[in-house]
Amino acid sequence: MGCTNSSDQKEPKEISVTKTDYSRPKVDVKDYEFVGETGQVLLKKPGSINGLGPFTLKENEDCDIFLLDWSDCVNIYRCKNCRIFVGPVAGSIQFKDSVDCTIVAACQQFRPSNCTDCSALLFVVGDPGMVMCTGFRYGCFQFSYPELQEQFAKAELCVHNNRWSRVHDFVSKDGSKYSDWSYLPHSDPSSVLPKLSQVCADQFGPELEAEESSFKSHPVVPLTIGKSLPWNPEVPVMTLVNRVP
């Protein structure tokens with residue numbers, strides 16, 4: 001057996017370690033809520049939410065509320081006599097314990113519970129489910145502003161997959177009508193919401209007013225009647241088939 005001379009031993013190499021920061025940017029919860037407001041115009045501009053959430057609306061009264069951006073999820077609790085617009089939501093909207101509110105919203109799931117005398121113009125991917133609501137009215141989503149179509153894409157919502165009229169009542173055993181709800185006779189957003197160009201004239205330019213006037217002829221979400229009208233076999237139906245040669 002031989003001995004190793006200390007002079008033959010190699011010095012250990014220095015290893016550099018790079019630390020990766022996986023922490024999320026700090027978020028101030030107050031930037032993602034409107035709580036306890038009365039008689040105000042409450043606005044979130046495009047780019048101000050940017051897919052984060054939840055965004056919370058709670059205990060507001062007689063307010064015009066516009067969330068003009070896409071988000072992860074939205075919670076609406078105990079609001080009264082409010083007019084609400086919610087831009088594309090990648091997840092769900094929980095709408096609870098509210099009275100005499102109108103909402104125009106696009107989302108993956110819409111869940112109202114214990115609401116009274118409320119109306120909703122919806123784009124929703126899943127069947128809108130409800131629990132113990134009184135005087136609830138449903139219509140098809142119709143609204144427009146310049147960034148809306150891009151926000152639908154970011155939230156991964158396909159504008160041609162709207163099941164707003166397939167209301168599922170969780171109280172009944174078979175999901176049919178149990179609570180007091182109905183379909184709206186029209187889907188005109190001006191009947192449930194003030195125009196942005198009127199309530200926020202100082203924050204938007206004339207291009208918004210032009211966008212509002214043209215949305216009926218070029219809607220982001222197609223206007224559909226869904227199950228709100230009975231099937232009429234005399235109505236002509238056209239089927240388009242794409243044949244590949």
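Val131 sits in the loop that runs between β9 (129-130) and β10 (134-140). In this predicted model, Val131 comes out as partly exposed, with a relative accessible area of 33%. Val131 also has company at the surface: together with Met132, Phe170 and Val171, it makes a nonpolar patch of about 330 Å².

Stepping back to the whole protein chain, the secondary structure adds up to three helices and twelve strands. The chain has 245 residues, and 40% of them count as buried. About 15,000 Å² of the protein chain is exposed, with carbon and sulfur atoms supplying 50% of that area. As for contacts with a separation of 6 or more, 41% of them join residues that are 24 or more positions apart.

Aromatic rings turn up in a good many of the details. The count comes to 15 aromatic pairs. In one of them, Phe85 and Tyr145 have ring centres 5.8 Å apart and planes at 85 degrees, so this pair is edge-to-face. Phe85 belongs to strand β6 (residues 83-96), while Tyr145 is in the loop between β10 and α1 (148-154), so the pair ties together parts that lie 60 residues apart in sequence. Both partners are tucked away from the surface: Phe85 is buried at a relative accessible area of 0%, and Tyr145 counts as buried at 3%. Then there is the pair of Phe136 and Tyr138, whose ring centres are 4.9 Å apart and whose planes meet at 40 degrees, so it is classed as tilted. Phe136 is buried, with a relative accessible area of 0%, and Tyr138 is likewise buried, with a value of 0%. Phe136 and Tyr138 also belong to a wider group, an aromatic cluster that they form with Phe95, Phe110, Trp164, Trp181 and Tyr183.

A charged residue away from the surface makes another stop on the tour. Lys44 is placed in strand β2 (residues 41-44). Lys44 is buried, yet it has no salt bridge. The nearest side chain of opposite charge belongs to Asp31, and it is 4.9 Å away, whereas a salt bridge calls for a side-chain nitrogen within 4 Å of a carboxyl oxygen. Even so, Asp31 is among the residues that Lys44 contacts once its neighbours within four places in sequence are left aside. The others on that list are Phe34, Ile49, Phe55, Phe66, Leu67, Leu68 and Asp69.

The backbone has a few quirks of its own. The peptide bond leading from Gly53 to Pro54 is cis, with omega near 10 degrees. Pro54 is found in the loop between β2 and β3 (55-58). Further along, Asp62 has a phi near 55 degrees, a positive value in a residue that is not glycine. Asp62 is in the loop between β3 and β4 (64-67) and counts as partly exposed at 36% relative accessibility. Glu156 shows a positive phi too, at about 60 degrees, and it is not a glycine either. Glu156 lies in the loop between α1 and β11 (168-169), where it is exposed, with a relative accessible area of 70%.

Notes: Residues are numbered from 1 along each chain as its sequence is written. This is a predicted model: local features need pLDDT of at least 70, side-chain atom pairs count only at pLDDT 80 or more; totals for chains, interfaces and linings use all residues. Side-chain values use heavy atoms; hydrogens and water are left out. Helices (H or I, at least four residues) and strands (E, at least two) are DSSP runs, numbered from the N terminus. Buried means under 20% relative accessible area, exposed over 50%, partly exposed in between (1.4 Å probe, protein chains only). Lys and Arg count as positive and Asp and Glu as negative; His and the chain ends are not counted. Contact means heavy atoms within 4.5 Å. Accessible areas come from the Shrake-Rupley method with a 1.4 Å probe; for residues, only the protein chains shown count as cover. Patches are made of residues with over 30% relative accessible area and no salt bridge: like charges are joined within 9 Å, nonpolar side chains (Val, Leu, Ile, Met, Phe, Trp, Tyr) within 5 Å. Rings of Phe, Tyr and Trp (its six-membered ring) pair if their centres lie within 6.5 Å; planes under 30 degrees apart count as stacked, over 60 as edge-to-face and the rest as tilted.
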